[in-house]
Amino acid sequence: MHLWLIPIFPLAGFVINGLFGRRMPKALVSLFGVGSVALSLGYVCYALSQLWPLTTPFTGHYYTWLQSGFLQVGFDLTVDRLTAVMLLIITGVGLLIHIYSIGYMGHESGYDRFFTFFNLFVFFMLILVLASNLLLLFVGWEGVGLCSYLLVGFYYHDNYSSYSANKAMIVNRIGDFGFLLGIFLVLITFHTLDFSKMAAELSTMPVETGAGILTMICLLLLAGSTGKSAQIPLYVWLPDAMAGPTPVSALIHAATMVTAGVYMIARLSFLYNHTPVAMEVVAIIGVITAAFSATIGLAQHDIKKVYAYSTISQLGYMFLGVGIGAYSAGVFHLMTHAFFKALLFLGAGSVIHALAGEQDLRRMGGLRKKMPITFVTLLCASLAISGVPYFSAYFSKDAILSAAYSHSLWMFWVGAVTAGVTSFYVFRAFFLAFFGTYRGHEHAHESSWVMTAPLIVLAVLSVGGGYIPVMSWLSLGFGPAAHENTIAMDISVACGILGIVIAWLFYIVRPSLAPAFTRAIGPVYTLVFNKYYVDELNHNAIVRPLKAISDVVLWRGVDEALIDGVGVNGMGRLIRSWGGLLRWFQSGSVRNYGTWVLIGSLLAIFVFGLVGGVR
Amino acid sequence: MSVLAATCLIPFVGFLIILCLPRKSNAAFYTAFGASLVAFFVSLALIPPALANGALFTSVTNQIWLDNPALPIRFHMGVDGISLWLILLTTFLLPIAVWAARSMIKERLRTFLAFLLLFEFGVLCVFSALDLFMFYVFWEIALVPMYLMVGTFGGPKRGPTALKFFVYTMLGSVLMLASILYLHSVTGTFDYVEMMQGFTSGRLMLTGTQQTLLFLGFFAAFAIKTPIFPLHTWLPDTYTQAPMPATMLLAAVMSKMGVYGLLRFSITLFPNAAQDAAHWVAILAIIGILYAALLAFIQPNIKRLIAYSSLSHLSFIVLGIFTLTQQGADGAVFLMIAHGVSIAALFLLTGYMEQRRGSLEIADFGGLASPAPGLASAYMITLYASIGLPTLCNFIGEFLILQGAAIVNFAWAGWATGGVILSAVYMLWMYQRTFWRPKTEQVAKLPDLRLRDWVPVVPLILLMLWLGNYTQSFMPPISSATSRELQQNKASQEYRVQLKHPRTVHVAEVLRAH
């Protein structure tokens, strides 16, 4: 079984389109761009059918990448059941979004550049999930970050896009700080980075010696996860990342890359299971992020921003899941989320495409008749994310909430209420876009089949995805899932449906209610609308002081005035003044020399006399 | 003649030929390019024996240079796993610098090329010298052409800048010369290999005080050359004022002379002093990493920004050496190469920008990616190599260094990793303001890279990918050489104990006698 073939196809697509794309016709670019992912999906299916039922992980050792001292890192790829799920999501959903992009990006300049970066992204994402050691995982981790940066900055000539791309990369780098330190600590503790060897070392490690350092490792790696998966406090980049083209938002910033943090924690579950403290922190970050970002989603006018905050919120659920030990539920929700959130974004993209780039909900409305396929598919996605019974998220989200119910009641209640808030804002966007009267100026039309076909496939998955037995498939690695708790499920379903009903009241039945309500809660609304002023806070508390310190204190103060001015040039002045003194001695006048000789001799006699003469 | 001697001599022959050529002719370029290219291909022959065993000195030439019984100076050169890649880096970058000089140096190209070759000759001999006196001589020989390149071909403030650069580095090397002479008076030889044999066999011994003084003397030269904070203030001005091909070599090659000296001489000749100093030097290096990164953050000029970024990366190398761990030292040597490749490419591409726009103020750019997508792509790859993206070269070096630091003191790794974040901040911010954003009128018409501009860029980029992805083609000889150096450093701990032991006995005897 040649696992390296899985990522090699998108890499080949990247190389071909990157080198020759500019001179190739669009059809050829699409062929290489989409075909490479299709081949990769094909090979994943073939490989999995060969490896079925995958009760033991399969590893391919390819070459030694790096060896120094006790550190040895190989380019080794492993497939186990968790990786299998991720591979199918990445190549499957990835292929659909690639096909969709043919239509969506068709009229854009930089078509070849788009597919070049998109293929590179798939390559790095596959490396990330196939990696059998932490450093190779980090390669994928950084690689997907790079592609995210390049694609958010796709419209690089735009101020906001280029700013957002930088922000995404830099905030992620802050997370990587923790990730790297975590890797170093793993190396010091285990002397290896291979997951299997780490697990073996861990099983022989005495509990007392390991507890503190394991908690430290897990918390540092968690810092990396909060960056990549947009959790508090490093979530700030994701909403701005929506500046990229919509397929990018769907694939990278909803379905795959942002779930990397969840994947990593699930991958390292053997470590996290040893540290209840770190697990609790994961769960708390998850549940708070879920609630916090859902409230921001309530007040956004940009349809993509609404979905972006929803993504952060749903990722919070996944963190909650893995944090309370319900790994299989977390990964299950990762999968269903990939379906319905990719669909939400692609549907939004279909609308934006039809309205010639309009993203503001206030200038949409009444699109139900004009875009029937988009309407129906987005309805499926909205129902799915709301957790309406028998749609996909009903199974996955409620598996998490059931587990939360038995873990900690407050987490469950926050999660359940958030589910209601989620269904409210998702349906708010849905109603604003598709119901009422059209408030824009463009002539809307349904998108072509290249775009609607992927929508339909994803709609089917969003509706029926809950019946894929991911939890029992993963029970091999993570242990059997907790029993479903009917009370918990009933409460969360009730919250979800209540949210839909309120949205229906606010935006369909009595449209005047919404503005009246926002006026009534004035200051609160302003606070939420401005995203709690977190960006402004970061700018004024971190970026500006750093700049000022670097400029005024370090550059002008320390570097130029102190070290160079006082130190180096001061030394120069000192030498010059000594030189001046010495010049006095070397006047060239014989009479002066005579004087010095005389003074010197007297001094010598005096000194020798003092110490008792020459013996 | 050994391969190594031939490699070193070819640029010198080229230098002599250029001096004889008429002033205005293309022959100077072809001679310089040919000589540097031949030197590169000849130097490739150094690889196989060094790969077989990186810990041994191969391709050795050992002859009496000055036949004076009082000062037995030998012409002793050889190459091991540490110097191998540095020599190859130099021979690899020289044709590129010559090629770049052709389009970037407008007047008196012949003189400039002559300086380049003389510089190469000096640097190659520095990296291969195994006799300390010879090392010193070539250390200075390499300085002179660089001083002249900065002083005659540099920017508007070239005069004072070149003077500062020269005096500053001379000050360090004079202290090193004094130390070398003192070392000779103690050991009776200038030969490094002989000295090391003496030390390891216990035949020669330096007391703690001697080691400390000698360590400081050598350290002055190496710390200024590298430079290490706070001896760095010559660097930003010199890098900025130097003509671009000279800046490339300053950052990529000349800065490596300092760190090479630290690794080759400081930690093996004066092991105990090095161990005592390691803590302080590492802290200076960490300050240097963060300090330079913060200063790069607010530079308004691209070249100056990259100069500070280079300082930050060089501090990583110093940190790696003074962790005195296998990973740290391996990472340091690897980063010497990786940084050499990436910084050369960065300055080369920046030179193309200067050629096109006539300025390197960030404010004068904006939207360059629209008219020059090729330049933008090449710059992006190089930039990511420089800020340590895995799969490109610098990452490996920085990762190993930080890992070595984490083994010694986890807090060091914590602070130094901060430099990794900051490097992304200042580089990406610079890139955004120059290549991205709406294009300005002055930038809109600038031409993209032409074929002859691509010629030196492509090998650099390929090498970055090779270094980053197939590291094991480079690492084994480095590891064997650094592990030998570290063993020599560690072994000394034992003889320090021996050294103290007889002394205490002696004092006890004296007391009893009274």
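**Exercise 1. Helix 15 of chain B**

Task: Identify elements that cover the buried residues of helix 15 of chain B.

Solution:
1. The cover includes helix 5 (134-152) of chain A, together with helix 13 (302-322), helix 14 (326-357), helix 16 (393-408), helix 17 (410-435) and helix 19 (451-469) of chain B. Helices (H or I, at least four residues) and strands (E, at least two) are DSSP runs, numbered from the N terminus.
2. This is a predicted model, in which local features need pLDDT of at least 70 and side-chain atom pairs count only at pLDDT 80 or more, while totals for chains, interfaces and linings use all residues. Residues are numbered from 1 along each chain as its sequence is written, and chains are lettered from A and ligands numbered from 1 in the order in which they are written.
3. A residue is buried if 20 or more other C-beta atoms lie within 10 Å of its own, exposed if 12 or fewer, and partly exposed in between, with C-beta atoms placed from the backbone. By this rule 10 of the 14 residues of helix 15 of chain B are buried, so the helix is largely enclosed by the rest of the structure.
4. Among the buried residues are B:Leu375, B:Tyr379, B:Ile381, B:Leu383 and B:Tyr384.
5. For the length check, the expected span is 1.5 Å times one less than the number of residues. The 14 residues of helix 15 (residues 373-386) should therefore span 20 Å, and the end C-alpha atoms are 20 Å apart, which agrees.
6. Just after helix 15 of chain B, B:Gly388 has a positive phi of about 80°.

**Exercise 2. The contact of the two chains**

Task: Describe the side of chain B that touches chain A by its elements and by its division into nonpolar, polar and charged residues.

Solution:
1. Chain B gives 43 residues to the contact and chain A gives 38 residues; two residues are in contact if their C-beta atoms, placed from the backbone, lie within 7 Å.
2. On the side of chain B, two or more residues each come from helix 12 (271-297), helix 14, helix 16, helix 17 and helix 20 (475-513).
3. Helix 17 of chain B gives the largest share of this side, 11 residues.
4. The residues of this side divide into 25 nonpolar, 15 polar and three charged. Here Ala, Val, Leu, Ile, Met, Phe, Trp, Tyr, Cys and Pro count as nonpolar, Asp, Glu, Lys and Arg as charged, and the others, Gly among them, as polar.
5. The predictor gives the complex an ipTM of 0.91 and a pTM of 0.91.

**Exercise 3. Confidence in chain B**

Task: Find where in chain B pLDDT stays under 50.

Solution:
1. pLDDT is the predictor's confidence in each residue, from 0 to 100. Chain B averages 89, and 96% of the residues score at least 70.
2. Over residues 496-511 of chain B the value stays under 50, and the model has two contacts beyond four places in sequence for them.
3. Where pLDDT is low, the predicted coordinates should not be read in detail.

**Exercise 4. B:Met149 and the core**

Task: Decide whether B:Met149 is buried or exposed, and list its contacts outside its neighbours within four places in sequence.

Solution:
1. B:Met149 lies in helix 6 (residues 132-153) of chain B.
2. B:Met149 has 27 other C-beta atoms within 10 Å and is therefore buried.
3. The contacts are B:Phe112, B:Phe115, B:Ala242, B:Pro243 and B:Ala246.
4. A nonpolar core is a set of buried Ala, Val, Leu, Ile, Met, Phe, Trp, Tyr and Cys residues joined through C-beta atoms within 7 Å. The largest has 425 residues, and those with the most contacts inside it include A:Ala342, B:Leu113 and B:Met248.
5. Helix 14 of chain B gives the largest share of this core, 18 residues.
6. Not counting residues up to four places away in sequence, B:Leu113 touches B:Ile18, B:Ala28, B:Phe29, B:Ala32, B:Val98 and B:Ala101.

**Exercise 5. Backbone geometry in the loops**

Task: Locate A:Ala230 and A:Pro233, and give the backbone angle noted for A:Ala230 and for the bond to A:Pro233.

Solution:
1. A:Ala230 lies in the loop between helix 8 and helix 9 of chain A; A:Pro233 is found in the loop between helix 8 (207-228) and helix 9 (237-240).
2. A:Ala230 has phi near 50°, a positive value in a residue other than glycine. A:Ala230 counts as buried because 31 C-beta neighbours lie inside 10 Å.
3. The peptide bond joining A:Ile232 and A:Pro233 is cis, with omega about 5°.
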